[in-house]
Amino acid sequence: MHDTGPVGNPSGITRIAVVGGGPGGLYFAALAARRHPDWHITVWERNAPDDTFGFGVVFSDETLESIEVGDAEIFTELAGRFVRWDDIDVHYRRTVDGPGSTTTSGGHKFAAVSRVGLLDLLHKRCGELGVRLRFETEAPPIGDLIADYDLVVAADGVHSASRQAFADVFEPTLDTRRCKYIWLGSDTAFDSFTFDVRPTPHGVVQLHGYPYDQGGSTVIVEMREEVWAGLGLTDGNAIERCAELFPDRLDGHRLHGNNSKWIAFTTVRCARWSHRNLVLIGDAAHTAHFSIGSGTKLAMQDAAALVEKLGEATDVATALADYETERRPVVLSTQRAAQASLEWFEDLGRYLDQEPAQFAFNLLTRSRRITYDNLRLRDPQYVSDVDSWFAGHEVARGATPGPPTVRPPMFQPYVLGGLELRNRVVVSAMDMYSSTDGLPGDFHLVHLGSKALGGAGLVMTEMVCVSPEGRITPGCTGLYDDAQTQAWQRITAFVHEQTGARIGVQLGHSGRKGSTRLMWDGIDDPLPEGNWPIAAPSPLPYKEGSQTPRELTRAELDAIREDFAASARRAREAGFDLLELHCAHGYLLSSFISPLTNHRTDHYGGSLDDRLRFPLEVLAAVKEEWSGPLSVRLSATDWHPDGLTPEESLQVARAFAAAGVDAVDISTGQVVSDEQPAYGRSFQTPYADRIRHDLAADFPHVTVIAVGAISSYDDVNSIILAGRADLCALGRTHLYDPQWTLHAAAEQDYPMEWPKPFAAGRRKPPTGRG
Ligand SMILES: Cc1cc2nc3c(=O)[nH]c(=O)nc-3n(C[C@H](O)[C@H](O)[C@H](O)COP(=O)(O)OP(=O)(O)OC[C@H]3O[C@@H](n4cnc5c(N)ncnc54)[C@H](O)[C@@H]3O)c2cc1C
Ligand SMILES: Cc1cc2nc3c(=O)[nH]c(=O)nc-3n(C[C@H](O)[C@H](O)[C@H](O)COP(=O)(O)O)c2cc1C
């Protein structure tokens, strides 16, 4: 919002009804009245002015700036009431027997105010600006308001009756989550944003606390529902029992409630936010988990955006559409971060094996909004302490050869099944569809050679096919004849002689996704002519228009297993450093694992154990010929409601770990054509994270590789340091910049060795790269 004074009224509005006097409704009313003194604005609030539920509201710098622009009086008044602080303290694993640990990260610049204080000043400001506030009054029926007013703003909170009245239009989804939490207050002012995570005999509990004035803090206690039930918590005993759980944190101070009850967080999402002259704002339209502290901020930002659009548009419908267009991406992005944070806390128990330094970093970066670089800017000493811890930890657990050297996490060397990699960056397998008769040629030498010169620790080939029928397209490479073996040998020799990278081969068979066109001619579409017959566990075509594969017989399975073994032998002869078995993306081995693509009734279909039987037989045959480092690529979800379950994907990873792989490379999807993936920044990393922590107890030496929309070195550092994965594979990023790792080193002032012929170009770019 740029113009804070009174403005014209192109939309012709005169009467506005606001349902709900929370921060959203009141801030809307104040800003609208300030900009349009001729508007008649009425706010209905069922509570009394001094009733409020909740304690303190946190604001970031960015929100404060937008409030300052929106209404200087509100900002000045708010600024006078703020408590401000910089630190986040993570207290971890305190028990009755031990003190636990505390990690402090500084530079966060929070400001908070009591909710009652915020509402009080908004009440005053609304009063000064002529807004009619009807306290202790239920709003009239929504149908009457719509008929009687030019605009109805539904700011009636998470349980919005206005939204429910038009549920067929707004199409709300209410996702009620697995934790119980309660808002409480304490009469002590914490001196930081405080997280306290501690085990109990029934599971882990956590406290989130922050000050909101000189003598009070908000205290939220949260835990999984089963832990809550095990501890015997009720609304009646909450205050007493929460104080017993965290006595040292409260330091003798009291907890108090304000109509406080144990609740389960509900994430509200709506397909639409307006209907005729009715518009939803704040919690009525969307919620974001309290752990990223954005509910009040989003409600106030919605209010400001709505006022701005009403001032610009010539009719209400356009203003409401413009409001939604502007706000929806911001809200979606906040909800994505909130969802990551919410899930992180739900699954907190999984991280209790982490040491305090890693746990705290993991917690701080859980929503992906705060990253390694971001923390370094805020508090360089904190990040340098975690880097030092990581250097020692990785050597101690045998992941990095000693002695420990402090450097950005992505540049910590790594030992994968005995293979030493110079850093944690992998060039992900990418089919180039540029071969004839399965032969890798000059294109592949230049492509893979340039990636190896570009600094990555490990360069993976594309899926190299074990037979001509096992190719995806006529342009795919193979390892099924001597000429191919020699051609690959030329490439591995270049990598070994000219670069510090290692090179791995990915072996696969296309299964029902074979005999298709080159990627740029129509991905997964059958060839226009000259199709070869395809085969799969079950005769199910991949998509409409695809060939129907024949169901593989026992004899054919044996033959394919031997093809894999023969290719593994050739891979050894060709000089590869690592072999990866492609069991992802719906190709042959993957299509045995997914229940969507394997409908067999013999020993190779049915239960997960049976569906895993053929891929594991292939692995065993490969191991007969290949004794070097071995990885498997998996699709950890099918992105389909009837596909692999989260628990099954852990079992799949465990089965391969038990069968002796050194690494699991965690991708997702591409198994069925009607998948519904949730793309986003590093969207597959949570799957790698889950699998890594699940494997940790029984298979601590199995390397976990994360992949998928990881494109900044900041994300790589964050993922590795938080322990979400051991290595990060980047695909398309390397197509954009083959020298990505060298550039990442330059940008971080890390003295990575450049290939001698390129050393003259080694400089930090004059401007930073985003
Ligand atoms: C119990 C609880 C405690 C919370 N405590 C905190 C906290 O301490 N700090 C924090 O940052 N966030 C807190 N939150 C979250 C935060 O309140 C919301 O994200 C934020 O207030 C959203 O603002 P809003 O204006 O959209 O909705 P709300 O603040 O929920 O306001 C909606 C208002 O509408 C009123 N209302 C609803 N229907 C009608 C009707 N038909 N007629 C008249 N009035 C109606 C309600 O009484 C309510 O005052 C809390 C949420 C809950 C549920
Ligand atoms: C052109 C192209 C070809 C690919 N070919 C393969 C492949 O042969 N084998 C494989 O496992 N993944 C393949 N992938 C998937 C990538 O390895 C990677 O998992 C995916 O691109 C997500 O990572 P990114 O976001 O860093 O690109 C391919 C991706 C691209 C863009």
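## Cysteines

In this predicted model, C583 is a buried residue, with a relative accessibility of 2%. The closest cysteine sulfur to that of C583 belongs to C465, and because the two sulfurs are 14 Å apart, they are too far from each other for a bond. A pair of cysteine sulfurs has to lie within 2.5 Å to be counted as a disulfide.

With that cut-off, the number of disulfides is zero. C242 likewise takes part in no disulfide; the nearest cysteine sulfur is that of C179, 14 Å away. C242 is buried as well, and its relative accessible area is 0%. A disulfide, in general, is a covalent bond that joins the sulfur atoms of two cysteines.

## Nonpolar cores

The largest nonpolar core has 115 residues, and within this core F656 and V664 touch the most other members. A second core, separate from that one, has 69 residues, among them L151, F166, I281 and A319. In soluble globular proteins, nonpolar side chains tend to be buried together.

Which residues does V664 contact, leaving aside neighbours within four places in sequence? The contacts of V664 are V632 and L634, then I691 and L695, and finally the run V702, T703, V704 and I705.

## Ligand 1

Ligand 1 is surrounded by 29 residues, of which G24, E45, F55, G56 and R115 are the closest. Polar contacts to ligand 1 involve both backbone and side-chain atoms of the protein. From the backbone, an N or O atom of R46 is 3.0 Å from a nitrogen atom of the ligand. From a side chain, an N or O atom of E138 also lies 3.0 Å from a ligand nitrogen. T296 places a polar side-chain atom 3.5 Å from an oxygen atom of ligand 1.

On its own, ligand 1 has 980 Å² of accessible area, and the protein covers 83% of this.

## Ligand 2

Around ligand 2 there are 17 residues, and the closest are S428, A429, D431, A709 and R732. Sorted by class, this shell holds seven nonpolar residues, six polar ones and four charged ones.

Which atom of A429, backbone or side-chain, lies 2.6 Å from an oxygen of ligand 2? For A429 it is a backbone N or O atom. S428 instead offers a polar side-chain atom, 2.7 Å from a ligand oxygen. R633 also has a polar side-chain atom by an oxygen of ligand 2, at 2.8 Å. Taken alone, ligand 2 exposes 600 Å², of which the protein buries 86%.

Methods:
Residues are numbered from 1 along each chain as its sequence is written. Chains are lettered from A and ligands numbered from 1 in the order in which they are written. This is a predicted model: local features need pLDDT of at least 70, side-chain atom pairs count only at pLDDT 80 or more; totals for chains, interfaces and linings use all residues. Side-chain values use heavy atoms; hydrogens and water are left out. Buried means under 20% relative accessible area, exposed over 50%, partly exposed in between (1.4 Å probe, protein chains only). A nonpolar core is a set of buried Ala, Val, Leu, Ile, Met, Phe, Trp, Tyr and Cys residues joined through side-chain atoms within 4.5 Å. Contact means heavy atoms within 4.5 Å. A residue is near a molecule or strand if one of its heavy atoms lies within 4 Å of it. A polar contact is a pair of N or O atoms within 3.5 Å; within protein, one must be able to donate a hydrogen and the other to accept it, and residues adjacent in sequence count only if both atoms are side-chain atoms. Accessible areas come from the Shrake-Rupley method with a 1.4 Å probe; for residues, only the protein chains shown count as cover. Ala, Val, Leu, Ile, Met, Phe, Trp, Tyr, Cys and Pro count as nonpolar, Asp, Glu, Lys and Arg as charged, and the others, Gly among them, as polar.
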